[in-house]
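Got your viewer open? Load the model shown here and follow along, one selection at a time.

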Amino acid sequence: MSLKKKIVLSFLVSAFIIALLSAFLYLNFVEIKKETMFLELTDTIRSKSLQLRRHEKNYFLYAPEHAGDEIKAIYGYLKELDEILNNMKASNLDRTASLKELVLAYRSQFSSIERLVNDISAESAKLKMMSPSYVKVSRLIESNFLDKPLEDVRYLKEVFFLGPEHKLVACLTELDTEINALRKTGENILSVSKELDKTARDKVDGFIRISRIAILVFFPLFLIVGFGTILIIIGNVVKRLQMLTDVVEKTGEGKFTHVAEPAHAWGSDEVGQLIQKFNFMEEQLDLREKELLRSKKLAAIGTLASGVAHELNNPLNNIYTTAQRLMKKSGEEIPEYIKKGLDDIFGQTMRVKSIVSDLLEFARGRELHPRALELRSLITGAFKQLGNTKEVGNIRFHPELRPEEIVLYADAELLEQVFINLFSNAADAMRDGGDLLVKVMEEDSTVRMSVSDTGIGMSRDTIERIFEPFFTTKDKGTGLGLAIVFNIIQKHQGVIKVESEEGKGTTFIITLPKRAVGPENSSR
Ligand code: ADP
Ligand code: MG
């Protein structure tokens, strides 16, 4: 992910968190507003209920004479309560409904009390006309029947012998029941309105608490996500740039290393790409320098080797011909040990001669003489020539060319030497026999050749060094074969690669341009 994307993403995530928090708080505040309005209403209901009860008390104290104001006040409050309750929306429907019912009951109870009070006054007046003795106590009864109706009943029963079926007694008894019921309803109205008030308060408290918690949770989250990720991104970029600077400094001192880039996802942004490009550049530089060093080394070795070889060539030839002559001249009569010694001198001289000729070949660097050549005959010819100097009887040779006839512009003598050297190494690697497979494929502008054996293979360390001159793992090797091959392929602007597995075999792959060293540029 690119740096820009990372930063935008982190911004979006933190913006999302803040938006979430704001939306949540907004909704919460809307709820709080609603609840406070409801709370105001419940508060009014409560105070109205208290007023109602106060006037109820007064009514019972002053009725029936001075009750007009109280009655008006009581109906007034009942009306107000009704209005408030009817306008109340949603929220705590159960309680408002029960409150409504209670107010309704209160009204009907109160009006039946009023009716009873009228009835009682009328009955009392009637009784005054019929019984002169009642007149004396009527004032007492009329003034306190609202307070203690049952006491009046008892008095009327005992003193005036009125039965329970007498209208005045019946009304007073009923009045007592109604008063008690009204008081009970009044109490209920108070307690329900109190509860309503309390739940509304609790709800508001709850919303405020939730808002507080949301802020406490979301805000730190926003800080962590927003600033945290930005800090991590910056820290990461700075760290990697620092690593890059260190490596650049080292490169300046001529040491080619590369940035050990962390492999996780952060590595794929712009800085990661920069580091990757830089690492690639370092590798190329390192490779170039090694190549330069190698060609310089090779040139130096070449000069030295050719000097030594030239110097050795003449004395070697002398030793060789002298030994030959001595062997011829001495005939049969010389002792066995001298004959053996001469054989030895002859054999070793031959070996040194081959080394010297390898050296001269390696150092010679003669000009190319390219011509059109047919590969099949060149390859089979090379294998035959190897047969003259090496035992190849137990090696099965498979040349596979696609197409059968492939023509290439190259130096025939040198290319033959390439194959002889490769075949010779393959034969050395397959002392107990095996398969030698040569595949040649013609491609658009190149020819791809591979030489595979089923021999002993090579270790990783060996593979790294095989093209170095004088590198050998053999007792009697010169270590020049592959160095010569490498030089020849390079002169033909080709590439040589090797694949090998210990105990399984080795494959050399050569790619040569078809006409890179054609007649027109044969002077190179
Ligand atoms: P030499 O044959 O004189 O040792 P070369 O330059 O031809 O020198 O080869 C260098 C080394 O590469 C050999 O000593 C051997 O260890 C290794 N080598 C080359 N070709 C093969 C092969 N086909 N199989 C196994 N090892 C090989
Ligand atoms: Mg060799």
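Start by selecting ligand 1: the space it takes is the largest pocket. Keep in mind as you go that this is a predicted model.

Next, colour the secondary structure around the ligand. Helix 10 (412-429), helix 12 (481-491) and strand 7 (505-513) are the elements that each give two or more residues to the shell around ligand 1. Click on helix 10, since that is where the largest share of the shell comes from, with 3 residues.

Now show the whole shell as sticks. You should get 20 residues surrounding ligand 1, and the closest are Asp453, Thr472, Thr473, Lys474 and Leu482. Colour the shell by class and you'll find 8 nonpolar, 10 polar and 2 charged residues.

Time for some distances. Pick Thr472 and look at its side chain: a polar atom there lies 2.6 Å from an oxygen atom of ligand 1. Move on to Thr478, where a backbone N or O atom lies 3.0 Å from a ligand 1 oxygen. Then try Gly481, which also brings in a backbone N or O atom, at 3.4 Å from an oxygen atom of ligand 1. Switch on the surface here: ligand 1 taken alone exposes 530 Å², and the protein buries 94% of that.

Finally, zoom out and colour by domain. The domain assignment gives domain 1 (28-220), domain 2 (284-364) and domain 3 (368-522). Drop a centroid on the C-alpha atoms of domain 1 and another on those of domain 3: the two centres are 119 Å apart.

Note on methods:
Residues are numbered from 1 along each chain as its sequence is written. Chains are lettered from A and ligands numbered from 1 in the order in which they are written. This is a predicted model: local features need pLDDT of at least 70, side-chain atom pairs count only at pLDDT 80 or more; totals for chains, interfaces and linings use all residues. Side-chain values use heavy atoms; hydrogens and water are left out. A residue is near a molecule or strand if one of its heavy atoms lies within 4 Å of it. A polar contact is a pair of N or O atoms within 3.5 Å; within protein, one must be able to donate a hydrogen and the other to accept it, and residues adjacent in sequence count only if both atoms are side-chain atoms. Accessible areas come from the Shrake-Rupley method with a 1.4 Å probe; for residues, only the protein chains shown count as cover. On a 1 Å grid over the protein atoms alone, a cavity is a set of points where a 1.4 Å probe fits but cannot get out, and a pocket is an open set with protein on both sides within 12 Å along at least five of seven lines; lining residues have an atom within 4 Å of a point. A molecule sits in a cavity or pocket if more than half of its atoms lie within 2 Å of its grid points. Helices (H or I, at least four residues) and strands (E, at least two) are DSSP runs, numbered from the N terminus. Ala, Val, Leu, Ile, Met, Phe, Trp, Tyr, Cys and Pro count as nonpolar, Asp, Glu, Lys and Arg as charged, and the others, Gly among them, as polar. Domain bounds come from an automatic or database domain assignment.
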